[in-house]
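Reader: I should be grateful for a close look at the salt bridges of this model, with attention to where the paired residues sit and how far each is covered. Please continue from there to the open and enclosed spaces and to the polar contacts of individual side chains.

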Amino acid sequence: YTYSAGLAIAFKTNSSVIKVKWRVPNKKQNANMTPIMQKGLDLYIRKDGIWQYAGVGIPQGIDSSSILAENMDESEKECLIYLPLYDEITHLEIGVSKKSYLKKMDNPFKGKIIVYGSSITQGASASRPGLAYPSQLSRSSGYQFINMGLSGNGKMELPVAKMLSQINDVDAFILDCMPNPSPEEITERTQYLVNTIWKYHQGTPIIMIETYMRENGYSDQAVHDRCTRQGEAFVKQYELLKKQGIKDLYLIRDNHAIGTDHEGSVDGTHPNDLGFDRMVEQYQPQIMRILKKYGIK
């Protein structure tokens, strides 16, 4: 993929206005995604230590131009511009007022936490790029959650396991990769994935996340059966790995991650903003407890 999911530009400016120009390929618009999420941008500004939404860049086609924020005071501002979740950025310009400055800012998030998963991890179907759940976790916790969601994939393929194991200086791995592989693939591949990562990262927590029942699984018996068997296979592989002595392995069990009112999805599969908010609310405390055990501060 060349999609920019999870990437953000961090900078400081004292400008009263922030304007952007950007270019994306001429790809079709996905029906279950907003244009802003798929091809647009959004801006966050840190105020009193909290990242606050400040504006969006609405795409107009291949080439777009948008004012993200204006009429602001001229104090120094720490800014994040999130790039599109489901398209590629081929050109980007950030504009500020003539008398102001724009300068590079160090990464505002500490550590390196890899989140490997499916289209849900990538961000389908948040309304804006910054609302993908790894980005939400970064802003609310202060840790760097790196979005490695692969839409339609995340199936624990052997080359991907090797690639993940070769990433250096990782504080934790989160494996949110249960949604796409079949129950049989989960059985065949989970142990290889975890063992490959653990071989090169002993002492680093590996957190497996059991995904939620798809909303259309409450009416479609075939979907319900597949989700149930996926969950059973995932949990069984976790238990087998623990028996093998993988000490740094953890499992976050699903507890209706997107809610029980059946309003947390866009299309019966992918979370909407409400669903993602509920996922963060459920996952973050458990993740932070695990990180604390390892002295990750």
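Author: The account below begins with the salt bridges and then turns to the pocket, the cavity and two side chains. The model is a predicted one.

The count of salt bridges comes to eleven. Side chains of opposite charge can pair when their charged atoms come close. Three of these pairs are described here in turn.

In the pair formed by D42 and R128, the closest N and O atoms are 2.8 Å apart. D42 belongs to strand β3 (residues 41-47), whereas R128 is found in the loop between α2 (119-122) and α3, so this salt bridge ties together parts that are 86 residues apart in sequence. What is the relative accessibility of D42? The value is 0%, and D42 therefore counts as buried. R128 has a relative accessibility of 15%. Because the cut-off for buried is under 20% relative accessible area, R128 counts as buried too.

The pair of R253 and E210 has its closest N and O atoms 2.6 Å apart. Here both partners lie in loops: R253 in the one between β13 (249-252) and α7 (273-293), and E210 in the one between β12 (206-209) and α6, so the pair ties together parts that are 43 residues apart in sequence. With a relative accessible area of 47%, R253 is partly exposed. E210, at 10% relative accessibility, counts as buried.

A third salt bridge joins R229 to D225, and the closest N and O atoms of this pair are 3.1 Å apart. Both residues lie in helix α6, where they are four residues apart, about one turn of the helix. R229 is partly exposed, its relative accessible area being 32%. D225 also counts as partly exposed, at 40% relative accessibility. These two residues belong to a network of salt bridges in which E184, D225 and R229 are linked.

Helix α6, which spans residues 221-243, also holds Q230. This residue has a relative accessibility of 2% and therefore counts as buried. What does the side chain of Q230 reach at 2.8 Å? The partner is the backbone oxygen of P181. Leaving aside residues up to four places away in sequence, Q230 touches M178, P179, N180, P181, P183 and I186. P181 thus appears both as the polar partner of Q230 and among the residues that Q230 touches.

A comparable description can be given for S4, which is found in the segment before β1. S4 counts as buried, at 4% relative accessibility. The side chain of S4 reaches the backbone oxygen of P84 at 2.7 Å. Beyond residues up to four places away in sequence, S4 touches L83, P84, D87 and I89.

The spaces in the model come next. Rolling a probe the size of a water molecule over the atoms shows where empty space is left. The largest pocket contains about 550 Å³ of space. Its lining consists of 29 residues, and A5, G6, L7, I146 and N147 are the closest to the pocket centre. Two or more lining residues are given by each of β1 (8-13), β6 (77-82), α3 (133-141), β10 (143-149) and α4 (158-165). Which of the elements supplies the largest share of this lining? That element is β10, with six residues. By class, the lining comprises 20 nonpolar, eight polar and one charged residues.

Among the elements that contribute to this pocket is α3, a helix that is mostly covered, with eight of its nine residues buried. The buried residues of α3 are Y133, P134, S135, Q136, L137, S138, R139 and S141. After α3 comes G142, which has a positive phi, near 90 degrees.

The structure also holds one cavity of 30 Å³ or more. The volume of the largest cavity is about 30 Å³. Its lining is made up of S118, I120, D176, P179, T211, M279 and Y283. By class, this lining has four nonpolar, two polar and one charged residues. P179 connects this part of the account with an earlier one: P179 lines the largest cavity and is also one of the residues that Q230 touches.

Notes: Residues numbered from 1 in each chain as written. Predicted model: local features only at pLDDT ≥ 70, side-chain atom pairs only at ≥ 80, totals over all residues. Heavy atoms only, no water. 1 Å grid on protein atoms, 1.4 Å probe; cavity = no way out; pocket = protein on both sides within 12 Å on 5 of 7 lines; lining within 4 Å. Points joined across faces, edges and corners; volume = space filled by probe spheres on them. Nonpolar A, V, L, I, M, F, W, Y, C, P; charged D, E, K, R; others polar. Buried < 20%, exposed > 50% of the residue type's maximum accessible area, 1.4 Å probe, protein only. Polar contact = N/O pair within 3.5 Å; in protein donor to acceptor, adjacent residues only side chain to side chain. Contact = heavy atoms within 4.5 Å. Salt bridge = Lys/Arg side-chain N within 4 Å of Asp/Glu carboxyl O.
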